[in-house]
Each structure stands twice: as structure tokens, then as C-alpha cells.
Amino acid sequence: MLCDLRHIPLDQLTVWKLNVRKHGPKDVASLATSVAALGVLQPLLVRARDDGFEIVAGQRRYLAVKSLRTSDDDTAALPCVVLDADDDAAAIEASLAENIERLPMDEMDQHEAFLALRRKGLSEPDIAAHFGISEQIVKRRLALATLIPDVRRLYRQGEIDAKTLHLLTLATKDRQKAYV
């Protein structure tokens, strides 16, 4: 079904009316912040239509880039995988596959990533700005460093939920051991 990878100018792209993601495209500010800092990290899925291309998956990335575009910038192009999909069913399948598989990172994965960035010299405000999140979220994730290994293990095994995990960051190590 995949055809080729190309950089396609924004003015040749349109949002596909059958895109499976119906909610979420309105608020792209946080994604736009990330795109401004890091660029578009994952290509859009598109298919050729008439004189341009329909976006099968990647509508939020497209809208984020479009929101960042200045009126005199007509050179913006996005990385796109052009699908060889003539029928709507195949395009819906591709859109659904991309959207279903996209799960948010869990708290511990975020903690480890943010901690690695801190070790590279980035401040909490820098990390927050790069990912379009609040400094408070960054601080909460970094606070997970205070957890004992047994608490982390129980979270990874699904025996502790995220709310409990965050509450345990307020407990001493002895209280965490007692909880375990």
C-alpha cells in the first residue's frame, strides 16, 4: 500500500473528510510548540487526489505546521508517505492503524526521558517548552526519582496506578517500603 516518501508543499495538502480522528484537531497549540522546537518527526500519510493530496493520517501535524506558517512563507513542505490507496476502505484502515497504535508515554517513560534531558543540561522550563507541556508536569515526572525500585516495579506491573505513583513521591522511603 505504501508508495513513496516525498516532501509536499502545504498548499497541495488537504484534510481528508473521512479521517478517523474526529476529535482533537482543534487544539494543536501544544503540538505546534513541539513542531517549532523539533520539526515534524513523523511523516503524514497521504494519497493523491485531483490536483493535490488528501491527508489520511497526520491532520494534527499538518494543522500545527499551518498555524506556525507566516503569511510570507510559501516554501513550507511536509514529509509525507504517499499511499497507493485508491479506495476509501484502504485509506480508512491506514488512518485507523496509525491512530490506534499511538499511545501516550507512561509516567515512568516520561520520567526517564526528562531525566536524560536534565543530565544533558536542559532546565525544567526548556523541557516543558520543547514538548508543549507545563513545567508542573515536568516537575511531577522528575519527582518520580524519589521512588524506591519496588514501587517502580509495581507500577510497571500494573499493580499501582499513576495517581498512587504520584502520591508515593510525597512519602518517605520508609513509608514507600511500608506501602509495598
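Two strands count as paired if DSSP finds at least two bridges between them. The exercises below use a predicted model.

**Exercise 1. Strand 4 and its neighbours**

Determine how strand 3 (residues 44–49) and strand 4 run relative to each other, and how many bridges join them.

Solution. Step 1: five bridges join strand 3 to strand 4. Step 2: pairing needs at least two bridges, so the two strands pair, and they run antiparallel. Step 3: one position in this arrangement is Arg47, which stands opposite Glu54 in strand 4. Step 4: the hairpin of strand 3 and strand 4 has two residues between the strands, and Asp50 takes a positive phi near 45° there.

Now find the sense in which strand 2 (residues 13–15) pairs with strand 4.

Solution. Step 1: strand 2 and strand 4 are linked over three bridges. Step 2: the sense of this pairing is parallel. Step 3: Val15 has Ile55 of strand 4 as its bridge partner.

**Exercise 2. Burial of strand 4**

Decide whether strand 4 (residues 52–57) is largely enclosed by the rest of the structure, and give the reason.

Solution. Step 1: a residue is buried when its relative accessible area is under 20%. Step 2: six of the six residues of strand 4 are buried. Step 3: strand 4 is therefore largely enclosed by the rest of the structure. Step 4: Glu54 illustrates the cut-off, because its relative accessible area of 12% makes it buried.

**Exercise 3. Salt bridges of Glu54**

Identify the salt-bridge partners of Glu54 and classify each by accessibility.

Solution. Step 1: Arg47 forms a salt bridge with Glu54, with 2.9 Å between the closest N and O atoms. Step 2: Arg49 also forms a salt bridge with Glu54, the closest N and O atoms being 3.2 Å apart. Step 3: Arg47 is buried, at 1% relative accessibility, whereas Arg49 is partly exposed, at 27%.

**Exercise 4. A pair between helices**

State which helices the salt bridge of Arg156 and Glu112 connects.

Solution. Step 1: the side chains of Arg156 and Glu112 meet in a salt bridge of 3.4 Å, N to O. Step 2: Arg156 lies in helix 7 (residues 149–156) and Glu112 in helix 4 (residues 107–119), so the pair, 44 residues apart, links distant parts of the chain. Step 3: Arg156 is partly exposed, with a relative accessible area of 41%, and Glu112 is partly exposed at 43%.

Last, name the residues joined into one network by salt bridges that share partners.

Solution. The network consists of Arg47, Arg49 and Glu54. The whole structure has six salt bridges.

Methods: Residues are numbered from 1 along each chain as its sequence is written. This is a predicted model: local features need pLDDT of at least 70, side-chain atom pairs count only at pLDDT 80 or more; totals for chains, interfaces and linings use all residues. Side-chain values use heavy atoms; hydrogens and water are left out. Buried means under 20% relative accessible area, exposed over 50%, partly exposed in between (1.4 Å probe, protein chains only). Helices (H or I, at least four residues) and strands (E, at least two) are DSSP runs, numbered from the N terminus. A salt bridge is a side-chain nitrogen of Lys or Arg within 4 Å of a carboxyl oxygen of Asp or Glu.
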